[in-house]
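Dear colleague,

Please find below the structure that I am handing over to you. I would be grateful if you would look through it before reading the notes that come after it.

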Amino acid sequence: MLARHAGASRFAYNQCLGLVTDALASKRMDPQVRVPWSGFDLINAWNAWKRSEAAGRIYVVTPDGTITKQVTGLAWRHAVSAQVFEEAAVDLGRALSAYSHAKAGTRKGRRVGFPRRNARGAVATASGSATSTVRATPSRSGSVRAIPAA
């Protein structure tokens, strides 16, 4: 279940990033295009996308040969908590905000670039290293905690 939620989070983050980059490309041609940038805007953009034809569709062929298209949206979205998708959108919103502040020179700390896609298998640990592996182990009380793999 943890792997399913982690994968769904990565998928939503990458999809939201795709929505942003597509909107930025469209904005170059038409300055009136609105780019979803904040966590709230990204959640709204994600919710619109997940029910769209771009997220999923099936073609149904009847016995008489008639073909109809049915928009299913993201069919597997009910297999994980909706909170996973929203948190991924908010995380991207924070990354975009940090990028904006860094570009404007108002951000303290190290300079950050434009957010990149999250790769499969790269999980950030408490130390902040995105290349370390994390495994989930049950504790004596039965709850699950993540610890760095050896």
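The notes below describe what was found, beginning with the core and ending with the hairpin.

Please bear in mind throughout that this is a predicted model.

The largest nonpolar core has 22 residues, and those that touch the most other members are C16, V20, L42, W46, W49, F85 and L92. Two or more residues come from each of α1, α2 (39-50) and α3 (82-104). The greatest contribution is that of α1, which gives 8 residues. As for L92, its contacts beyond four places in sequence are Y13, C16, L17, V20, L42 and P115. As general background, nonpolar side chains tend to be buried together in soluble globular proteins.

Helix α2 deserves a closer look. This helix has 12 residues and reaches 16 Å from its first C-alpha to its last, close to the 16 Å expected at 1.5 Å a residue. The buried residues of α2 are G39, D41, L42, I43, W46, W49 and K50, and they pack against α1 and α3.

Helix α1 spans residues 2-29 and includes N14. With a relative accessibility of 8%, N14 counts as buried, because the cut-off for buried is under 20%. Leaving aside residues up to four places away in sequence, N14 touches R117 and N118.

The aromatic residues form a further theme, with 8 aromatic pairs in the structure. In one of them, the ring centres of F11 and W76 are 5.4 Å apart and the planes stand at 65°, so the pair is edge-to-face. F11 belongs to helix α1 and W76 to the loop between β2 and α3, so this pair ties together parts that are 65 residues apart in sequence. W76 also pairs with F85, in a tilted arrangement with 6.1 Å centre to centre and 55° between the planes.

How buried or exposed is each of these three residues? F11 is partly exposed, at 30% relative accessible area, and W76 is partly exposed as well, at 36%. F85, by contrast, is buried, with a value of 3%. F11, W46, W49, W76 and F85 form one aromatic cluster, and of these W46, W49 and F85 were named above among the core residues that touch the most other members.

Finally, there is the hairpin. Strand β1 (residues 57-61) pairs with strand β2 (residues 67-71) in the antiparallel sense, over 5 bridges. Within this pairing, R57 stands opposite V71 in β2. Between the strands of the hairpin there are 5 residues, and G65 takes a positive phi near 95°.

With kind regards

Definitions and conventions: Residues numbered from 1 in each chain as written. Predicted model: local features only at pLDDT ≥ 70, side-chain atom pairs only at ≥ 80, totals over all residues. Heavy atoms only, no water. Pairing = 2+ DSSP bridges. Helix = DSSP H or I, 4+ residues; strand = E, 2+ residues; numbered from the N terminus. Buried < 20%, exposed > 50% of the residue type's maximum accessible area, 1.4 Å probe, protein only. Contact = heavy atoms within 4.5 Å. Core = buried A, V, L, I, M, F, W, Y, C linked by side-chain atoms within 4.5 Å. Expected span 1.5 Å × (residues − 1). Phe/Tyr/Trp six-rings, centres within 6.5 Å; stacked < 30°, edge-to-face > 60°.
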